[in-house]
Amino acid sequence: MHEPTRIVAIRHGETDWNVGTRIQGQLDVALNDTGRWQALQLARALAEERFAAIYSSDLARAWETALALSSATGIPVTAEVDLRERCFGVFQGLTFKDVEQRWPQEALRWRMRDPEYGPEGGERLGDFYERCTAVAARLAEKHEGQLIAIVAHGGVMDCLYRAAARIDLTGPRTWQLGNASINRLLHTQAGFTLVGWADNFHLQTDAVDEAL
């Protein structure tokens, strides 16, 4: 009988580009001061979890977040390139407003979540979804019956939520993808299942103050 794998899926802490609504994609942007604080609070909240492994995108913002968790748990971080954010090609480094002004038709296809669409030099949405769900399933199968952490990006979290909630890739997003929030999933032979999503209690100032 196959045992389910428990997954704690985490989006990286905040960056200045998150605040400025600038498209990061696979550009290597570091955490800002708030993001580093979020990573530390996340690590404190998960310090007692018995992780078998911690996997992270190799991009700096995810890697630094994962290192904070590693420091708190004593579990080393393993880089996994397939956990990187979607590559947005020519959109990377621009704001959403920039994209709408320069490429209005392409921006519309992007907003409509066309699975066949990808910016010049970037990934198609459908391909990105397949990459994210495949790597998460592979890591889960490697650790059957155990608990693992996956530290990645907003787009990756969106794909995992859709896979677990059985929501079509074109459906509008109604769930949060908060920086350094705690998201919990199960993986079995039947696929992913949601356990909990967007837990950010550890990031609430009153809760943090009471814990000190």
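Trainee: Which residue in β4 stands opposite Ile10?

Mentor: The model is predicted, so local features need pLDDT of at least 70 and side-chain atom pairs pLDDT 80 or more, while totals for chains, interfaces and linings use all residues. Residues are numbered from 1 along each chain as its sequence is written, and side-chain values use heavy atoms, without hydrogens and water. Strands (E, at least two residues) and helices (H or I, at least four) are DSSP runs numbered from the N terminus. Opposite Ile10, in β4, stands Val151.

Trainee: Over how many bridges do β1 and β4 pair?

Mentor: Two strands pair if DSSP finds at least two bridges between them. Strand β1 covers residues 5-11 and strand β4 residues 147-152. They pair in the parallel sense, and the bridges number six.

Trainee: Which strands stand at the edges of the sheet?

Mentor: The sheet is open, with mixed pairing and the order β3-β2-β4-β1-β5-β6. Each edge strand has a single partner, so one side of each is left without a neighbour in the sheet. These strands are β3 (77-79) and β6 (191-199).

Trainee: At what angle do α2 and α3 pack?

Mentor: Axes are lines fitted to C-alpha atoms, for helices over the stretch in contact, and angles run from 0 to 180 degrees between N-to-C directions. The axes of α2 (residues 33-45) and α3 (residues 60-73) lie 8 Å apart, and the angle is about 35 degrees.

Trainee: Which residues of α3 make the contact with α2?

Mentor: Contact means heavy atoms within 4.5 Å. From α2 come Arg36, Ala39, Leu40, Leu42 and Ala43. The α3 residues are Glu64, Thr65, Ala68, Leu69 and Ala72.
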